[in-house]
Amino acid sequence: WLVIDRKVYDVSKFSKHHPGGSRVISHYAGQDATDAFVAFHNDKSLVKKYLKCLLIGELAPDQPSFESNKKKSLLEDFRELRCTIEKMGLLRPNYIFFLLIFLHFLVLDAASWLTVWYFGISLVPFLVGIAFFTVAQIQMGWFQHDLGHCSVFRKPKWNRFLQIVVINVLKGLPASWWNHLHNQHHAKPNCFRKDPDLNMHPLLFSLGKTLSMEVSMEISGEAKLLKTEIYRVRVSGLQLAHYNVFSYFSLEKRRRSSCLTIISISISSVTVHILLCNQEEKVVGK
């Protein structure tokens, strides 16, 4: 059960079919999810149609409509600020800006490959190609981030489609994997055991007194298991193929098509890499 605008909903069965994943919605079990609901759903009138059949009651007048660990005054200020920002139109996207972002990283990505293809893989062209490719990949990451938040187009389907093009085809990572982790991060930011961005411990580090104590208790107490999230860096198409084959069997069926796209892109990346190496060998032979 969870609360939205003081109304109580039973999402036990619905959570399995939730477009954002069952884990995101389960993080608010027994809690008020009003602010998360508003933040995640642009077309609230459409979503509320599906909520009608899940409604089971309302909060009693003496029950607070916010989480117990949050200050009411701070929450009210936040909601007022959000309404002000929406009225000012600050959340409306600038299509020209996003078009220029999209075009400029396409140019940089193409320039990185053309530099290596035309000048060879000697030191200077190699470093120039790396610079172009690195900037393009970083800009792609931020652009698909905005698409993942559905903040570029009004209709979510167009955001999802272009996100798949950018992160799946151009970056070689599954959009469903990124959305699965990032949605949880924004649903429960900096909440231990709920925000995947905090799952870098104890392999890397833990910050703050509270988190450090909880991590140490988990290691020395009941669990005695090291829960780690491995964040892979794109090194070669072969590594990506291995990662996405693993993801294919670990994800839900409706998300496997994303991984199949990545596997094909990974294979093509390896093919291009081999062709470039062969061309360089021919040039050296001549």
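**Exercise 1. Overall layout**

What pattern does the protein chain follow when read along the sequence? State also how many helices and strands the protein chain has.

Solution. The structure is a predicted model. Read along the sequence, the pattern is β-β-α-α-α-β-α-α-α-α-α-α-α-α. The protein chain has 11 helices and 3 strands. Of its 286 residues, 34% count as buried. Among contacts between residues at least 6 apart in sequence, 62% join residues at least 24 apart.

**Exercise 2. The loop between β1 and β2**

Identify the residues with positive phi in the loop between β1 and β2, and give their exposure.

Solution. Step 1: take D5, which lies in the loop between β1 (2–4) and β2 (7–9). Its phi is near 55 degrees, a positive value in a residue other than glycine. Step 2: take R6, which is found in the loop between β1 and β2 as well. R6 is not a glycine either, and its phi is positive at about 70 degrees. Step 3: assign the exposure classes. Partly exposed covers relative accessible areas between the limits of 20% and 50%. D5 has 44% relative accessibility, so D5 counts as partly exposed. R6 has a relative accessible area of 28%, so R6 is partly exposed.

**Exercise 3. Salt bridges**

How many salt bridges does a search of the whole structure find? Describe the partners, their places in the chain and their burial.

Solution. Step 1: the search finds 2 salt bridges. Step 2: D35 pairs with R79, with the closest N and O atoms 2.9 Å apart. D35 belongs to helix α2 (residues 34–40) and R79 to helix α4 (residues 72–87), so this pair links distant parts of the chain, 44 residues apart. Step 3: R82 also forms a salt bridge with D35, and here the closest N and O atoms are 3.3 Å apart. Because R82 lies in helix α4 and D35 in helix α2, the pair ties together parts that are 47 residues apart in sequence. Step 4: the shared partner joins D35, R79 and R82 into one network of salt bridges. Step 5: compare the values with the 20% limit for buried residues. D35, at 15% relative accessibility, counts as buried. R79, at 24%, counts as partly exposed. R82 is buried, as is D35.

**Exercise 4. Helices α5 and α7**

At what angle do α5 and α7 pack, and which residues make the contact?

Solution. Step 1: helix α5 (residues 95–119) and helix α7 (residues 156–171) pack at an angle of about 20 degrees, and their axes are 13 Å apart. Step 2: angles under 35 degrees count as roughly parallel, so α5 is roughly parallel to α7. Step 3: the crossing of α5 past α7 is left-handed. Step 4: F102, F105 and L106 of α5 make the contact with L162, V166 and L170 of α7. By class, the residues of this contact are 6 nonpolar, no polar and no charged.

**Exercise 5. Helix α8 and its partners α7 and α6**

Work out how α8 is oriented to α7 and to α6, and give the residue classes in each contact.

Solution. Step 1: α7 packs with helix α8 (residues 175–187) at an angle of about 110 degrees, with the axes 9 Å apart. An angle from 65 to 115 degrees counts as roughly perpendicular, and α7 and α8 are therefore roughly perpendicular to each other. Step 2: R160, Q163, I164, I167 and N168 of α7 are in contact with A175, W178 and N179 of α8. This contact has 4 nonpolar, 3 polar and 1 charged residues.

Step 3: helix α6 (residues 123–148) packs with α8 at about 70 degrees, with the axes 11 Å apart. α6 and α8 are therefore roughly perpendicular to each other. α6 passes α8 in a right-handed crossing. Step 4: in this contact Q144, H145 and G148 of α6 meet W178, N179, H182 and H186 of α8. The classes are 1 nonpolar, 6 polar and no charged. Step 5: compare the two residue lists for α8. W178 and N179 appear in the contact with α7 and in the contact with α6.

**Exercise 6. G21**

Where does G21 lie, and is G21 buried or exposed?

Solution. Step 1: G21 is placed in the loop between β2 and α1 (22–26). Step 2: its relative accessibility is 4%, so G21 counts as buried. Step 3: G21 and L181 are 160 residues apart along the chain, and their C-alpha atoms are separated by 10.0 Å.

Note on methods: Residues are numbered from 1 along each chain as its sequence is written. This is a predicted model: local features need pLDDT of at least 70, side-chain atom pairs count only at pLDDT 80 or more; totals for chains, interfaces and linings use all residues. Side-chain values use heavy atoms; hydrogens and water are left out. Axes are lines fitted to C-alpha atoms, for helices over the stretch in contact, and angles run from 0 to 180 degrees between N-to-C directions. Helices (H or I, at least four residues) and strands (E, at least two) are DSSP runs, numbered from the N terminus. Angles under 35 degrees count as roughly parallel, over 145 as roughly antiparallel, 65 to 115 as roughly perpendicular and the rest as oblique. A crossing is left-handed if the near helix is turned anticlockwise from the far one by less than a right angle, and right-handed if clockwise. Contact means heavy atoms within 4.5 Å. Ala, Val, Leu, Ile, Met, Phe, Trp, Tyr, Cys and Pro count as nonpolar, Asp, Glu, Lys and Arg as charged, and the others, Gly among them, as polar. A salt bridge is a side-chain nitrogen of Lys or Arg within 4 Å of a carboxyl oxygen of Asp or Glu. Buried means under 20% relative accessible area, exposed over 50%, partly exposed in between (1.4 Å probe, protein chains only).
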